[in-house]
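Visitor: Hi, could you walk me through this one? I'd like to start with a helix and then talk about charged pairs.

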Amino acid sequence: MTDTTFRDEVLRLVRRIPCGRLATYGQIAAMAGFPRRPRQVGMILKGLPEGTDLPWHRVVNAQGYVPSKGRWWGAMVQIQRLREEGIDVDDLGNLALATYQWQGIQAGSCVPPSRGKEETAKFAK
């Protein structure tokens, strides 16, 4: 698999993560067929253009927190987006990964599990 194909597969997998669910960099790398490339997953997501509709914010590190090394403003945006989807994240970026981790089975649903029908339209955009 070439680097371009790896990048395309990473983007395809990240797009499939449903609202209210999380995946780790390592999980996405493994699902793409390269379990030893989680840092490259992070680099691909870091290089996305501002305003992208790809749900990059649903990818976190394996320790269960939003990394903010050198990019605290990006971490704040990520935390806000995760909270909007019903994921409990504390102010330091810690979250219950086991509770929200995507298993790669379902795809693309954009209705957070803890939200009612009134909120559905907000996330369907």
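Guide: Happy to; we'll take one helix and then the salt bridges. This is a predicted model, where local features need pLDDT of at least 70, side-chain atom pairs count only at pLDDT 80 or more, and totals for chains, interfaces and linings use all residues. Residues are numbered from 1 along each chain as its sequence is written, and side-chain values use heavy atoms, with hydrogens and water left out.

Visitor: Which residues of α4 are buried?

Guide: They are G74, A75, Q78, I79 and L82; buried means under 20% relative accessible area, exposed over 50%, partly exposed in between (1.4 Å probe, protein chains only). They cover an arc of only 140° around the axis (taken from the directions from the helix axis to the C-beta atoms), so they sit on the same side of α4.

Visitor: And what comes just after α4?

Guide: G86, which takes a positive phi of about 90°.

Visitor: Switching topic: how many salt bridges are there?

Guide: Four, counting a side-chain nitrogen of Lys or Arg within 4 Å of a carboxyl oxygen of Asp or Glu. One of them joins R15 and D53, with the closest N and O atoms 3.7 Å apart. R15 lies in helix α1 and D53 in the loop between α3 and β2, so the pair ties together parts that are 38 residues apart in sequence.

Visitor: Are those two buried or exposed?

Guide: R15 is partly exposed at 45% relative accessibility, while D53 is exposed at 64%.

Visitor: What does R58 pair with?

Guide: E85, in a salt bridge of 2.8 Å, N to O. Both R58 and E85 are buried.

Technical notes:
Helix = DSSP H or I, 4+ residues; strand = E, 2+ residues; numbered from the N terminus.
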